[in-house]
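Here are two short exercises to work through with the model open beside you. Try each task before you read its solution.

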Amino acid sequence: MSIVTVQLGQCGNQIGFEVFDALLSDSHSSQGLCSKRENEAYQASCKERFFSEEENGVPIARAVLVDMEPKVINQTLSKAAQSGQWKYGQHACFCQKQGSGNNWAYGYSVHGPRHEESIMSLIRKEVEKCDSFSGFFIIMSMAGGTGSGLGAFVTQNLQDQYPNSLKMNHIIWPYGTGEVIVQNYNSILTLSHLYRSSDALLVHENDAVHKICAKLMNIKQISFSDINQVLAHQLGSVFQPTYSAESSFHYRRNPLGDLMEHLVPHPEFKMLSVRNIPHMSENSLAYSTFTWAGLLKHLRQMLISNAKMEEGIDWHVRPPLSGLPPLGKMSLNKDLHFNTSVANLVILRGKDVQSADVEGFKDPALYTSWLKPVNAFNVWKTQRAFSKYEKSAVLVSNSQFLVKPLDTIVGKAWNMFASKAYIHQYTKFGIEEEDFLDSFTSLEQVVASYCNL
């Protein structure tokens with residue numbers, strides 16, 4: 001089944017390009033462990049999900065590109081065409097001459113209604129090209145103007161016009177040190193609106209990805225392109241084909257639906273994170289060997305200690321013992337805490353994958369009491385390696401991972417709101433103080449729900 005990607009704003013378009021590039025590069029890489037037939041089936045499954053084909057055989061991304069300024073879209077179209085491997089559709093873009101100036105209200109209340117018909121028409125045409133349509137993957141920032149404000153508006157429209165189709169928003173959490181002065185306002189407005197209209201929010205934190213680039217990839221001068229390639233690698237390792245539960249020879253047909261079914265059992269809990277292992281530079285990889293036992297031991301500890309990467313894992317954090325009160329569970333006032341999960345999905349790719357033991361992820365102590373491990377944990381596998389790694393493991397988790405960052409952003413936004421700072425920039429475009437209060441209430445409920453797992 002096919003997924004239509006909607007790339008919104010500078011952030012969404014730059015990440016979207018890297019994702020499609022990573023997907024196609026991986027699907028075209030020859031894998032010695034797999035037969036020619038298996039490689040062809042893998043390629044076909046990847047293309048069905050993310051690409052349609054033109055008469056000359058060049059794959060075209062199933063995507064709609066939206067930005068209020070033309071520069072990034074023109075660069076993105078050009079880079080895709082220059083790759084010679086794939087391209088974007090000729091009429092799959094919408095851009096204007098004036099951006100949103102980091103003003104969420106301008107993106108949501110002005111650009112959204114003004115250009116709704118044109119944007120939704122492009123999306124509708126892309127959906128109509130799909131023989132079998134799974135849903136939308138919407139890539140956007142959380143703190144800007146076009147990506148976040150217009151992104152929230154577009155997601156809301158998709159929910160209204162495609163109520164039975166799945167919507168997953170990939171959102172980029174801003175740097176904690178601050179990118180723009182009003183990023184906390186933009187973030188709470190984005191999150192509260194998406195929580196109402198999206199089925200799942202797949203969140204990447206800029207600070208965490210930056211650390212991966214610095215500490216694991218050994219990159220000295222880190223660019224946005226470096227960060228986006230790490231994001232694309234993680235997303236590709238989630239969305240590339242894996243075998244269905246029923247068969248070791250047939251790939252899953254509905255990855256978006258399967259992700260939602262396994263990871264979002266309740267609409268109050270929609271926040272998803274991605275962790276993958278290993279992640280390293282080409283130079284380090286040449287001298288490294290991996291075992292499934294070692295990879296999964298580290299991945300499990302990354303989960304329970306809420307580590308975003310394998311370096312610096314806190315090995316002192318342990319699951320609470322069965323029958324005892326969960327003393328280690330989430331408290332906003334504790335630095336050392338155990339990260340309780342709603343649901344987890346482990347995706348394994350590579351050599352000897354059938355020998356990998358995932359029993360450690362089935363421990364009831366990892367999960368909330370209202371969901372049994374048999375319902376809360378799933379594993380997907382394929383012996384086909386991903387990218388340059390002979391063995392790799394990915395964890396997609398619905399857990400308490402975002403409680404502290406979310407509580408921090410809500411607190412900072414509230415302090416600004418209480419002093420009426422910059423509120424006029426929003427009210428003049430129709431976002432009233434009541435809208436802010438609704439957003440605070442909504443997100444405080446999300447924090448409370450996750451804290452109480």
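Keep in mind that this is a predicted model.

**Exercise 1. Trace the surroundings of strand S6**

Task: Which helix and which strand make a right-handed β-α-β unit with S6? Then find which strands pair with S6, and decide whether S6 is mostly covered or not.

Solution:

- Begin with the connection: S6, helix H5 (residues 146-161) and S7 form a β-α-β unit, and its hand is right-handed.
- Next, look at the pairing of S6 with S7 (residues 166-173), which is parallel and spans 7 bridges. To place yourself in this pair, find Phe137, which sits opposite Met168 in S7.
- Now turn to strand S1 (residues 2-8): it runs parallel to S6, and 6 bridges join the two. Here a handy marker is Ser2, whose bridge partner in S6 is Phe133.
- Finally, check burial. With buried meaning under 20% relative accessible area, 9 of the 9 residues of S6 (residues 133-141) are buried, so the strand is mostly covered.

**Exercise 2. Describe how H7 packs on H8**

Task: What are the angle and the axis distance between H7 and H8, and which residues meet?

Solution:

- Start with the geometry: the axes of H7 (residues 206-216) and H8 (residues 224-239) lie 9 Å apart, at an angle of about 100 degrees.
- Angles of 65 to 115 degrees count as roughly perpendicular, so that is how H7 stands to H8.
- Then list the contacts: from H7 come Asn206, Val209, His210, Ile212 and Cys213, and they meet Asp226, Ile227, Val230, Leu231 and Gln234 of H8.
- Last, sort the residues of this contact by type: 6 are nonpolar, 3 polar and 1 charged.

Key:
Residues numbered from 1 in each chain as written. Predicted model: local features only at pLDDT ≥ 70, side-chain atom pairs only at ≥ 80, totals over all residues. Heavy atoms only, no water. Buried < 20%, exposed > 50% of the residue type's maximum accessible area, 1.4 Å probe, protein only. Helix = DSSP H or I, 4+ residues; strand = E, 2+ residues; numbered from the N terminus. Pairing = 2+ DSSP bridges. Right-handed = clockwise from strand over helix to strand, strands pointing away. Axes fitted to C-alpha atoms, helices over the stretch in contact; angles between N-to-C directions. Parallel < 35°, antiparallel > 145°, perpendicular 65-115°, else oblique. Contact = heavy atoms within 4.5 Å. Nonpolar A, V, L, I, M, F, W, Y, C, P; charged D, E, K, R; others polar.
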